[in-house]
Amino acid sequence: MGGFHFFLAILGLVLLPTLCTSQDTFTRSRATYYGSPDCYGTPTGACGYGEYGRTVNDGQVSAVARLYRNGTGCGGCYQVRCTYPSHCSNDGVNAVVTDYGEGDRTDFIFSPRAYAKLANNPASTEVLFDYGVVDIEFRRIPCRYSTPNLVFKVHEHSKFPEYLAIVVQYVAGRNDITAVEFWQEDCKQWISMRRAYGAVWDTPTPPRRSIDMRFQVSGSSGIKWVQASNAIPADWKAGAAYTSAIQLN
């Protein structure tokens, strides 16, 4: 019997990491919310999304700490549900990561619109807000948007033509953008952009022509490069958004 118990212990040690890292398995944690005058997200979030970070997913967004991953986690989607049967809905909320934030042993700091979705009725909504911090379980899920194609937003801090910063929006599926490059025609090579912060990528030497770009995408199907020809026009403008022909799933 002793040998059998030892075998089970070893088996548990082998299987446990697989169970903990499975994206279909719920992980237990805690969640809270932040104040907002209109219950939507904040346009000044650490991911650099601006107004998109306030309204995407109907404002059902969240700040995270551990899941932020130096900005790689920006745009990730999670199903989160609280664990009080009398007050919590079965499905919870599907929220998009748009900001960085640390709480009291929390993995999510929700916008009020997202936090309210945890409840199963209006009375329970009041109860959960009174709690302030709730026990939850969460898992990563594929993002789904009514806008099916990737959008390349030129960040407002860009300065034509010397400095270009971009944000990739509407990244569908369970995908992370882990690298961004542009084609430099003069030297016939791909040039890496720097992750400035969050989901913002920049370069002090943008091409003086329409810009071909490629993105390294890490997802459930592995790592791949996705190329977008003429992703940014030669006469790009700060604050402008350019819709690509690329769809991720």
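These notebook entries record what I looked up in a predicted model.

**Entry 1: the nonpolar cores**

I began with the nonpolar residues. In soluble globular proteins, nonpolar side chains tend to be buried together. In this model I found that the largest nonpolar core holds 39 residues. The residues with the most contacts inside this core are V80, F108, F110, L118, V134 and I136.

I then asked which elements each supply at least two residues of this core. The strands are β2 (61-64), β3 (77-82), β4 (93-100), β5 (108-110), β6 (134-141) and β8 (164-169), and the helix α3 (112-116) joins them in the list.

Another core lies apart from the largest one and has 25 residues. I noted L150, I177, M193 and Y242 among its members.

**Entry 2: the surroundings of I136**

Next I looked up the contacts of I136, leaving aside its neighbours within four places in sequence. I136 touches T27, R28, S29, R30 and A31. I136 is also in contact with V80, R81, C82 and T83, and with F108.

**Entry 3: salt bridges**

I turned to charged side chains. Side chains of opposite charge can pair when their charged atoms come close. My search of the whole structure gave 14 salt bridges. I examined several of them individually.

The side chains of D24 and R174 form a salt bridge, with N and O 3.7 Å apart. Which parts of the chain does this pair tie together? D24 sits in the loop between α1 (2-21) and β1 (27-33), while R174 sits in the loop between β8 and β9 (176-184), so the bridge links parts that are 150 residues apart in sequence. Is each partner buried or exposed? D24 has a relative accessible area of 54% and is therefore exposed, since exposed means over 50%. R174 has 17% and counts as buried, because the limit for buried is under 20%.

The pair K188 and E185 has its closest N and O atoms 2.2 Å apart. K188 is exposed at 52% relative accessible area, whereas E185 is partly exposed at 28%.

I also noted a network: salt bridges that share partners join R30, D104 and R105. Within it, D104 and R105 form a salt bridge whose closest N and O atoms are 3.7 Å apart. D104 counts as partly exposed, at 47% relative accessibility, and R105 counts as exposed, at 61%. I noted that R30, a member of this network, is also listed among the contacts of I136.

Methods
Residues are numbered from 1 along each chain as its sequence is written. This is a predicted model: local features need pLDDT of at least 70, side-chain atom pairs count only at pLDDT 80 or more; totals for chains, interfaces and linings use all residues. Side-chain values use heavy atoms; hydrogens and water are left out. A nonpolar core is a set of buried Ala, Val, Leu, Ile, Met, Phe, Trp, Tyr and Cys residues joined through side-chain atoms within 4.5 Å. Buried means under 20% relative accessible area, exposed over 50%, partly exposed in between (1.4 Å probe, protein chains only). Helices (H or I, at least four residues) and strands (E, at least two) are DSSP runs, numbered from the N terminus. Contact means heavy atoms within 4.5 Å. A salt bridge is a side-chain nitrogen of Lys or Arg within 4 Å of a carboxyl oxygen of Asp or Glu.
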